[in-house]
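Work through the two exercises below with the model open beside the text. Each begins with a task and is followed by a solution in steps.

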Amino acid sequence: MKLEIFDVGHGACALLSAAGYHVMIDCASSVDLGFDPGGLLVSRGITTLDLLIVTNYDEDHVRGLPKLLQKVDVDRIRRNRKVTPDTIDELKGLEPGPGIAALIDMAKEYTVSVNHLEIPDVTIRTFSHAYPDFEDENNLSLVTVLELGAAVFVFPGDMECDGWEALLDAEPDLCGLLKRASVYVASHHGRVSGICERIFDEVGCSPHLVVISDKGYLYDTQETVPYYRTKAGGWTFRNTDRWVLTTRSDGMIEFEVGRNPNGRWYLVAR
């Protein structure tokens, strides 16, 4: 199994490839970096995306959606269905960006929740709040947890502290998954507003690595690196001991999960 977290500048896009299935988590593109998620799939001979997961209703999570839909078929979409397409439109206030507009149209078309996807050794769990319990896009994020064999990857979207606190109170299963996390993708691209100390200090989340998907110094996301470094256990990455990885410094980050000849699961970061 392979999980890639792409460098899209300030935004998010990752791809899970396992047993012939392909799952994309967010689909930002970047003109500056020449990254187009639809073009990437086509270049690899992938014409059908088995599942698209959208973790947040902001443009930096779906910039590449219009072109992606032109180039590949999407069988399933998983999003926070506790937010209606009309509510997404209302939340954006002004005219939505092209990615969000495409997502709203897609949400209206994919009205049946056909989210179940059987992939060997893969479990996908999602957790979210309902509107209007929270009325901002960030705290309406879809916290997504991938269990790949014995490895657990957490993609929180842009969830902020208030949203985290409420989820931790309401979702004991999420707490259990956070405690087992191998890789934690920093919420809100590493901004301070995405930090919930309770995740680490009370729940016991202690991942091998924290990944921050961000762009340079645009939003001061680098300021949280020292904090996250104290919460990660460390892992070997490109022959070096690391605790926090950032797409702005490390580029595309790839994880491989598999079994050794003795049947034990392994995790490689590169």
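## A helix and the sheet beneath

**Exercise 1.** In this predicted model, determine what covers the buried residues of α6, and establish which residues of the helix are buried and which are exposed on the face turned away.

*Solution.* Begin with the cover: the elements over the buried residues of α6 include the strands β8 (122–127), β9 (143–148), β10 (151–155) and β11 (183–185), together with the helices α5 (161–170) and α7 (197–201). Next, go through helix α6 itself, which spans residues 172–179, and apply the cut-off of under 20% relative accessible area for a buried residue; Leu-174, Cys-175, Leu-177 and Leu-178 are buried. Seen down the axis of α6, these buried residues fall within an arc of 165°, so they line one face of the helix. Finally, turn to the face directed away from that buried side, where Pro-172 and Lys-179 are exposed.

**Exercise 2.** Describe the order and pairing of the six-stranded open sheet, and then place α6 relative to the sheet.

*Solution.* First, trace the strands in the order β8-β9-β10-β11-β12-β15, which form an open sheet with mixed pairing. The edges are β8 and β15 (244–246), since each of these strands pairs on one side only, and the twist from one strand to the next averages 15°. Then examine one pair in detail: β9 and β10 run antiparallel to each other and are joined over five bridges, and Glu-147 stands opposite Val-152 in β10. Lastly, α6 packs on the sheet, where the helix touches β8, β9, β10 and β11, and its direction makes about 125° with that of β8.

Terms used: Residues numbered from 1 in each chain as written. Predicted model: local features only at pLDDT ≥ 70, side-chain atom pairs only at ≥ 80, totals over all residues. Heavy atoms only, no water. Buried < 20%, exposed > 50% of the residue type's maximum accessible area, 1.4 Å probe, protein only. Helix = DSSP H or I, 4+ residues; strand = E, 2+ residues; numbered from the N terminus. Arc of directions from axis to C-beta. Contact = heavy atoms within 4.5 Å. Pairing = 2+ DSSP bridges. Axes fitted to C-alpha atoms, helices over the stretch in contact; angles between N-to-C directions.
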